[in-house]
Amino acid sequence: NSMFLTDIYTNKEMVKMERTVEVGTHQVMLEEDGVKLSLTVVDTPGYGDAVDNTDCWEPVVEYVEEQFDKFLEAETRVKRVSLPDSRVHACLYFIAPSGHGLKRIDVEFMKRIHDKVNIIPVIGKADACTKEEIGLFKQKIMDQIKENEISIYQFPEEEENPEPSIMSKLPFGVVGSNIVVTNDAGDRVRGRSYPWGTIDIQDQAHCDFSLLR
């Protein structure tokens, strides 16, 4: 919901959401600056929660492959059939903010899907760690990704841009929020309030949400 500034999941749906590794899809029409985009979010809300997670990635891999097969079949027919493009174009892989690096299940999942879809690694609930801890955690994750020869999405670089590259920010450390709060300066921002201050999820000094978006 935070990423697209719209309700993909309503509060009622989130309460009733079943923890399952089965693939679920949610469709929403987004509009920003007059441009409309039909978005399909594919989710497995119970992924990795079981006691035995053996082969728990299989439903996801099968779903991705099925969508490619459907698209290819429609494209190769003598009389082409106009079908909505249901291929999965990107995988936002959320990593728990443990600080201990990738778990075996994370590595195994990404190794099985990295040649089928663009993987973008994301650290969720990044406000659970300090800025220093997030920096070390990011480096550890990227070292593991390189060590295990996992391909992730390569963001295009702008040669004349003096700012640090987007690739140097991976994995993105993000904080989500569906509410608007007032920060110490009196500004209304989308974020979270804590006894020690306010997080503005669109401020890159606080988290990488705006980069991911």
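Here is a short tour of the model, one selection at a time.

Before you click anything: this is a predicted model, with local features needing pLDDT of at least 70, side-chain atom pairs counting only at pLDDT 80 or more, and totals for chains, interfaces and linings using all residues. Residues are numbered from 1 along each chain as its sequence is written, and side-chain values use heavy atoms, leaving out hydrogens and water.

**Whole chain.** Start in cartoon view. You should find five helices and eight strands, in the order α-β-β-α-β-α-β-α-β-β-β-β-α from the N terminus. Both are DSSP runs numbered from the N terminus: helices are H or I with at least four residues, strands are E with at least two. Of the 213 residues, 35% count as buried (buried is under 20% relative accessible area, exposed over 50%, partly exposed in between, with a 1.4 Å probe and protein chains only). Switch on contacts (heavy atoms within 4.5 Å): among those between residues at least 6 apart in sequence, 59% join residues at least 24 apart.

**The core.** Next, select Y93, F109 and I119. Within the largest nonpolar core, which has 41 residues, these three touch the most other members. Such a core is a set of buried Ala, Val, Leu, Ile, Met, Phe, Trp, Tyr and Cys residues joined through side-chain atoms within 4.5 Å. Elements giving it two or more residues include α2 (58-76), β3 (90-95) and α4 (131-147). The largest share, five residues, comes from α3. Zoom in on F109: leaving aside residues up to four places away in sequence, F109 touches Y47, W57, V60, C91 and Y93.

**Helix α2.** V60 takes you to this helix, where V60, V61, Y63, V64, Q67 and A74 are buried. An α-helix has 3.6 residues a turn, so residues three or four places apart point the same way. Now check the length of α2: its 19 residues should span 27 Å at 1.5 Å a residue, and the end C-alpha atoms are indeed 27 Å apart (the expected span is 1.5 Å times one less than the number of residues).

**The loop at G176.** Select G176, in the loop between β5 (172-173) and β6 (180-182). G176 counts as partly exposed because its relative accessibility is 31%. Draw a distance from its C-alpha atom to that of R192: 8.3 Å, for residues 16 apart along the chain.

**D200.** Last stop: strand β8 (residues 197-200) holds D200. Which side chain of opposite charge is nearest to D200? R190, 8.2 Å away, and the buried D200 has no salt bridge (a side-chain nitrogen of Lys or Arg within 4 Å of a carboxyl oxygen of Asp or Glu). For charge, Lys and Arg count as positive, Asp and Glu as negative, with His and the chain ends not counted. Beyond residues up to four places away in sequence, D200 touches V189, R190 and H206.
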